[in-house]
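Please work through the following exercises with the sequence and the structure side by side, and try each task before reading its solution.

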Amino acid sequence: MTETLLAAGRYRVERTLGRGGMAVVYLAHDKELHRLVAVKVLAEHLAGDDNFRARFLQESRLAGRLSHPNVVQVYDAGETDGSPYIVMEYVSGDTLAQRGKLAHAQMVSLALQACAGLQHAHDAGLVHRDVKPANLLLREDDVLKVADFGIARAAELTRLTQHGTVLGTAAYLSPEQAAGEEVTAATDIYSLGAVVYELLTGRPPYEFESLADLAAQQTAGVITPVRDLEPSVPEPVEAAVMHALARDPRFRPGSASDFSHELASAAEVPVESLLAIAITEPLHSRRYQSLPGGSTWLWIAGAAAVAIVAVVLGLLSIGGKNPSKKPRPVPIQAPVRGATPAAEARNLSAWLRAHSR
Amino acid sequence: MAVLCLAGCGSGSKPRAASQPKLPQAIAAALASRSDEVDQALTAGDSCRALSLAQQLQRETVAAINQRRIPGAFQEQLGSTVGDLVSRISCVPVTKKHDNGKHKGKGKHGEGD
C-alpha cells in the first residue's frame, strides 16, 4: 500500500474528509510537528486558472494572520504538484450543517462564539463572505470554530461565485451579495443571522427555487418571524435574529460584537452557562467584574442606602395612592405627518422603532 | 440627594411604563425597514419605485394587523399613516423630466456607490 504525501512529503494523507466543488480536504499527519492537520487542496479545474491560484494563496495568507479560539487556524499554504493547498488546524467534530434544529439556549451559545470569531476577523479587516452551517465547525467539547476565511473572497475576485454557488449555499447570502453590491462586515452578520434562523426554525429565512427567486424574495418578500415557526424561542431572541436579517446593511447590528451582545442579553438562560461556552469574549467586557477591593464596603453601604430609601419611598407612594387604581394607558400619538412623503416615511420608521420592544 | 432622586424617580415611573403598549420588535423593524426604503426611493427621485414600496408596506401592514401582530393601540395610527403615505406618492416616470420646482432628479446615480 502506497502512502499519499503532500508538500514535499511533509504531510501524509490519512483519509479524505470532504470533497466540494472547489477543493478536496484531507486529514493528514504533519511529519515535522507530529500532529493531525486538515489540508485543503484546490480542485484541479481551478488550479489551472493562474489568477485564481494566486488569489487563493494570497487570501489564505491573509487568513493565516488570524489567531483566535473561534477561528480555524491556518498553519501553512503553498503548492503541491501544481495545486495550491492550505494546511489548517484539524477540528474533530461536526459542522452545524450536520445538526438539526437546536434549542435557543444552545444556538445562542454557539452564535456568540461565531460572533467572537467573526469580530476578530473583521477587526483584522477580513470579511468571511461565506458564513454558512458547513463552515461552522463544532468541536466535541462544544467549542465552535469558523472555517474557510478568504476562500470565498478568492472565488469572488475571479468571478467564480455566481457560477459555483449552489442553492444550498445561497440561502445564507446577504441581499447585497445576491445583488452583486459591496460586501462589508454586515454581510457576515446577515449570513450568521440566517444560520441562526435556520437552526432555530428548521428552515432558511427564504425558501426559493432559483437564485433569481431568492433575489426577488430578498427584495420584496417578508421573512416569517422566528416565533411563528418555533414559538418556544423568546421574543428578544427573535428580535435579535430579525435585526441581523435586516435587508439594508445599515439597519443590522453595528458589528458582530453588537450582535452577540443582543443575543446574550436576549437569551433566557443563565449568564454563567453562556460564558462557560463563549470563552472568547474579552474579560473586560463581562459584566460581573468584582468591585475594587479597597472600596467594596463603600459600595455595599451605598447600595444598602439606596435600597432603604427606595423601600421607604415605595411605602410612602403606596400609602398615598389608591393601590387598586390601575395606571391609565398612555395614548399613542400618531407619527408626525411630514412636509413631504419622504419626511413622512422617515417619521414613520422612526415612530415604529421608538415604539418597539 | 441624588440617591433620593433616583429612587423616587424609579418608583414613580414604573407603573406608567408597564401600561405603555409596545410593538413586537420583529414586525416593527420589518415595517420600519420598508418605510426607510420608501424614503430612499423618494430621495433618489424614483417615485414609481417609492409608490410600489409604499403599496408593499401597506399590504404588509394590513397583513400584520389581520394576523393580530399589531396591538390595538397602534392599529389606527399605523394604518392611517401608511394609507396617507401611499396616497401622497405619485408615480412620475424618471425619463420625462418636468420639474415643478421641487423635484430634484439626479439622473443615473447609484451604481457607483
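The exercises below concern a predicted model, and they move from the sheet as a whole to its individual strands.

**Exercise 1.** Work out the order of the strands in the sheet of chain A, and find which strands stand at the edges.

*Solution.* Begin with the whole sheet, which is open and is formed by six strands of chain A in the order β1-β2-β3-β4-β6-β5, with antiparallel pairing. Next, look at the two ends of that order: β1 (5-6) and β5 (74-80) of chain A each have a single partner strand, so one side of each is left without a neighbour in the sheet. Finally, add the helix α2 (residues 50-63) of chain A, which packs on the sheet and touches β4, β5 and β6 of chain A, while its direction makes about 160 degrees with that of β5(A).

**Exercise 2.** Describe how β6(A) is joined to β4(A), and name the residues in β6(A) that pair with Lys40(A) and Ala38(A).

*Solution.* First, take the strands themselves: β4 (residues 35-42) and β6 (residues 83-89) of chain A run antiparallel and are joined by five bridges. Then go to single residues, where Lys40(A) has Ile86(A) as its bridge partner, and Ala38(A) stands opposite Met88(A).

**Exercise 3.** Describe the pairing of β5(A) with β6(A) and the hairpin that they form.

*Solution.* Start with the pairing, which is antiparallel and extends over six bridges; within β6(A), Met88(A) is the bridge partner of Val74(A). Now turn to the hairpin, which has two residues between the strands, and in which Asp81(A) takes a positive phi near 50 degrees. As a last step, consider how covered β6(A) is: five of its seven residues are buried, so that the strand is mostly covered.

Key. Residues numbered from 1 in each chain as written. Chains lettered and ligands numbered in written order. Predicted model: local features only at pLDDT ≥ 70, side-chain atom pairs only at ≥ 80, totals over all residues. Pairing = 2+ DSSP bridges. Helix = DSSP H or I, 4+ residues; strand = E, 2+ residues; numbered from the N terminus. Contact = placed C-beta atoms within 7 Å. Axes fitted to C-alpha atoms, helices over the stretch in contact; angles between N-to-C directions. Buried ≥ 20, exposed ≤ 12 C-beta atoms within 10 Å, placed from the backbone.
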